[in-house]
Amino acid sequence: MKRNFNPTKIYLFIEVAASIFFPMIFVASSLYQVTVAGLTPLELVLVGTTLEIAAFLFEIPTGIVADIYSRRLSIIIGYLLMGAGFLVEGFFPAFFPILLAQVIWGLAYTFTRGASQAWISDEIGEEKANRLFLRATSVGLYASLLGMALAALVGGQNAALPIRWGGLGIVLIGVVLALTMPESGFKPTPREDRDTWEQMIHTFKEGVSAVRSRPRLKTILGIGLFYGLYSEGFDRLWVKHILDSFELPAFFAGNQVAFFSALKAVGTVLTILVMRPIEKSLDTSKPQAIGRAMLFVTGTISASLLGFAFSPLLGLTIGAFLVIMILRKIAIPLYTSWVNQKLDSGTRATVLSISSQVDAIGQIAGGPSVGLVAKLVSVVAAISTSGLLLSPALLLVGRANAQSQEQVEE
């Protein structure tokens, strides 16, 4: 019999466990794709685009299933499938198997994205959940250091091993959740009232209606679109840019996984130091406070991307990367809290899924474009293009802040 545990502790367990195994995989995955699978810059970006197309196709159906049936079940299925996808990638270092792995991983991730935030919001309440998002991010940063250390330990001779071990760990997260995860705050549609596709369509329409009725929410989703446009090219090409442009320090004795693990570990420690005062001082119940923070974060990321692309020195390039890494980590809980404010429980997972799908649309559009720039011009030109693609989001952040101020005055 399944024993119900405290929802806050379960959410923190998910964040800690995922923060160990995902960094373990991601530290090695780009390096694995470049050096072991031998993918070209365009193929690297197409791998990411395939992932985002899968997320785009499956995001809304899985979000609606979480609203109608069970968020708990949706999350468990997601982690089991995610682990399976990473295992496929880790054991088959070739372009098409890696593409298949992205489809599995994209489908799986949509079962958890939106559903996990909606689940905890219903279990403990919106206000507590918004505070928990920042706390969980902070705790997860500590856990990610262990994941990076494990990647360096097992990946020194074989970049595939962190991906394989991380995939197995993610499968184990799903197993643990199946044994411990409660679901008492969510009331699914009664079985006798379920007319599956009609109910799904109705829930989706309700989610779209919730977005349309809130101008500020539409603006915030527009910001998410530009974050999607810029991110895919950078995510897939930053490792190749460093490998192609610089000699890695001799200290790492040819262990490339250790170098990138150390780089991300430093970024994580710095993020922890920056996140602490933000978590204590930022009032996530006030959209104006979130908006001011997002304005700074967005502008600085855009400028740092250009610095990363054009810096002639490894030290300056690493510095720009660390700034980008820190601010992207901060932006995630800020943006989630921004979207999550004052949503109805019945459409919460669907609206959060719409938010994620907007990001996927941006990555689908931006990824191949940046990949073509890399193929036809250079990787440096592609990364600088990514920085320019983010800059219009500054205008939308300003607009969202103005709309928040109008609501306060009303």
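The following paragraphs describe the aromatic pairs, a charge over a ring, and the salt bridges of this predicted model.

The aromatic side chains come first. A pair of aromatic rings is described by the distance of the centres and the angle of the planes. In this structure the count of such pairs comes to 16. One of them joins tyrosine 11 and phenylalanine 133, whose ring centres lie 6.2 Å apart and whose planes make an angle of 55°, so the pair is classed as tilted. The two partners come from distant parts of the chain: tyrosine 11 belongs to helix H1, which covers residues 7-36, while phenylalanine 133 belongs to helix H6, which covers residues 126-154. The separation in sequence is 122 residues. Tyrosine 11 counts as buried because its relative accessibility is 8%, under the 20% limit. Phenylalanine 133 is likewise buried, with a relative accessible area of 4%.

Helix H1 also contributes phenylalanine 26, which forms a tie to helix H4, residues 95-112, through tryptophan 105. The rings of phenylalanine 26 and tryptophan 105 form a tilted pair, with 6.2 Å from centre to centre and 55° between the planes. Because phenylalanine 26 lies in helix H1 and tryptophan 105 in helix H4, the contact ties together parts of the chain that are 79 residues apart in sequence. The exposure of the two partners can be stated separately. Phenylalanine 26 has a relative accessible area of 34% and is therefore partly exposed, whereas tryptophan 105, at 9% relative accessibility, counts as buried.

Elsewhere, aromatic residues are joined in a group. Phe234, Trp238, Phe259, Phe260, Phe308 and Phe321 form one aromatic cluster. An aromatic ring also takes part in a contact with a charged side chain: arginine 164 lies over the face of phenylalanine 91, at 4.4 Å from the ring centre.

The charged residues provide a further set of contacts. Side chains of opposite charge can pair when their charged atoms come close. A search of the whole structure finds four salt bridges, and three of these are described here, beginning with arginine 71 and aspartate 122. The closest N and O atoms of that pair are 2.1 Å apart. Arginine 71 is in helix H3 (residues 71-91) and aspartate 122 is in helix H5 (residues 115-124), so that the salt bridge links distant parts of the chain, 51 residues apart. Both ends are buried: arginine 71 has a relative accessibility of 1%, and aspartate 122 has a relative accessible area of 16%.

Helix H9, residues 215-245, holds the next salt bridge, between glutamate 232 and arginine 236. The N to O distance here is 2.9 Å. These residues are separated by about one helical turn because they are four residues apart in the helix. Glutamate 232 is buried, with a relative accessible area of 2%, and arginine 236 is buried as well, at 14%.

Further along helix H9, lysine 240 and aspartate 244 are also four residues apart, about one turn of the helix. Their side chains form a salt bridge in which the closest N and O atoms are 3.2 Å apart. The two partners fall into separate exposure classes. Lysine 240 counts as buried because its relative accessibility is 14%, while aspartate 244, at 51%, counts as exposed, the limit for that class being over 50%.

Terms used: Residues numbered from 1 in each chain as written. Predicted model: local features only at pLDDT ≥ 70, side-chain atom pairs only at ≥ 80, totals over all residues. Heavy atoms only, no water. Phe/Tyr/Trp six-rings, centres within 6.5 Å; stacked < 30°, edge-to-face > 60°. Helix = DSSP H or I, 4+ residues; strand = E, 2+ residues; numbered from the N terminus. Buried < 20%, exposed > 50% of the residue type's maximum accessible area, 1.4 Å probe, protein only. Lys NZ or Arg CZ within 6 Å of the ring centre and 35° of its normal.
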